[in-house]
Amino acid sequence: MRGIKEITSKDNAIFKLIKSLKVRKYRIREALFVVEGPKQVIEAKSSRYDLKYLVVRQDRLGYLKDYDFFDQVDRHDCTVISMDERLFKQISDTENNQGILAVLSYEPLSEKEFMMEAPSDSNMLVLDKLQDPGNIGTLIRTAEGAGFKGVILLKGSGDMFSPKAIRAAGGAMLRMPVIMIDDANSLRRLSDEFSKKLVVTDVESGVAYYDADLSENIFLVMGNEGHGVSKEIMDMADIKINIPTEGFLESLNVATAGAVLMMDSLRQSKNKIGRGKRC
């Protein structure tokens with residue numbers, strides 16, 4: 001078991017690095033991001049990402065023993081750091097922090113690696129330039145719960161590694177494979193290569209979602225909060241659906257709409273399996 005490195009100054013290089021990760025451009029530059037709290041750190045131990053630093057507030061050093069962290073950090077070649085409450089507060093993104101966080105490094109998956117991680121008939125979620133990190137995290141969390149096996153972000157989408165997105169994802173960000181692709185043409189090529197149908201929401205001409213087959217082999221595209229699905233993707237879609245509503249409501253929040261569609265996809269999939277068992 002290695003020792004614990006104590007940081008006592010805000011001028012420390014590691015402290016400055018971790019603090020800088022609050023800003024997206026530094027997360028991108030360093031290929032690092034932060035997760036906070038015991039539950040997220042426990043998830044991080046067995047995730048696809050490598051632990052680089054484990055930081056514990058001095059009054060929470062008992063976490064290291066309580067959650068048996070040292071066995072895992074040895075496997076990850078991780079540096080364990082302690083600091084006082086004053087310094088820890090500066091690197092934490094939560095108002096009432098729990099006194100533990102982890103810094104993780106990531107290497108982007110290739111398209112082939114991404115697709116090979118999922119069963120051949122699986123569904124994938126596509127986020128078309130969504131901006132709000134809360135929506136991004138919530139949709140990724142819902143996708144996992146609905147049995148979707150991966151998430152594709154189009155270039156121009158918000159940061160999936162922002163603290164707000166990670167909190168909203170509730171650990172799903174650490175478990176679900178995620179890639180970013182350049183444009184609509186790349187999405188079409190990927191869907192054709194792996195025999196997936198592009199499904200988009202269209203309030204004007206789409207069929208009711210429960211009348212469309214969403215059970216398997218789909219790329220479900222959720223569009224930007226203000227503008228919806230881009231025209232390029234809309235024009236190349238295989239299936240257009242809508243969510244019927246009543247009253248004067250024009251549309252649902254994108255995270256709510258995504259939940260409706262993905263959970264119905266799960267329902268359809270289970271019904272199909274059930275019918276198969278009865279045959």
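A residue is called buried under 20% relative accessible area, exposed over 50%, and partly exposed in between, as evaluated with a 1.4 Å probe on protein chains only. By this scale E117 is partly exposed, with a relative accessible area of 42%. The model is predicted, so local features need pLDDT of at least 70 and side-chain atom pairs count only at pLDDT 80 or more, whereas totals for chains, interfaces and linings use all residues. Residues are numbered from 1 along each chain as its sequence is written, and side-chain values use heavy atoms, with hydrogens and water left out.

**The sheet and its helices**

Helices (H or I, at least four residues) and strands (E, at least two) are DSSP runs numbered from the N terminus, and two strands pair if DSSP finds at least two bridges between them. An open sheet of 5 strands follows the order β1-β4-β3-β5-β2, with mixed pairing. Its edge strands, each of which pairs on one side only, are β1 (5–7) and β2 (32–36). Strand β3 (residues 50–57) pairs with strand β5 (residues 100–105) in the antiparallel sense over 6 bridges, and L54 stands opposite A102 in β5.

Contact here means heavy atoms within 4.5 Å, while axes are lines fitted to C-alpha atoms, for helices over the stretch in contact, and angles run from 0 to 180 degrees between N-to-C directions. Helix α1 (residues 13–20) packs on the sheet, touching β1, β2, β3, β4 (79–83) and β5, and its direction makes about 105 degrees with that of β3. Helix α3 (residues 38–45) also packs on the sheet, where it touches β2, β3 and β5, its direction making about 30 degrees with that of β5.

**Salt bridges**

A salt bridge is a side-chain nitrogen of Lys or Arg within 4 Å of a carboxyl oxygen of Asp or Glu. A search of the whole structure finds 18 salt bridges, among them the following.

| Pair | Closest N to O |
|---|---|
| E117 and R48 | 3.0 Å |
| R188 and D238 | 3.0 Å |
| K272 and E216 | 3.8 Å |

E117 lies in the loop between α7 (111–116) and β6 (124–128) and R48 in the loop between α3 and β3, so this pair ties together parts that are 69 residues apart in sequence. R48 is partly exposed at 34%. R188 belongs to helix α11 (residues 184–193) and D238 to the loop between α12 (231–236) and β12 (239–242), so their salt bridge ties together parts that are 50 residues apart in sequence. R188 counts as buried at 17% relative accessibility, whereas D238, at 41%, counts as partly exposed.
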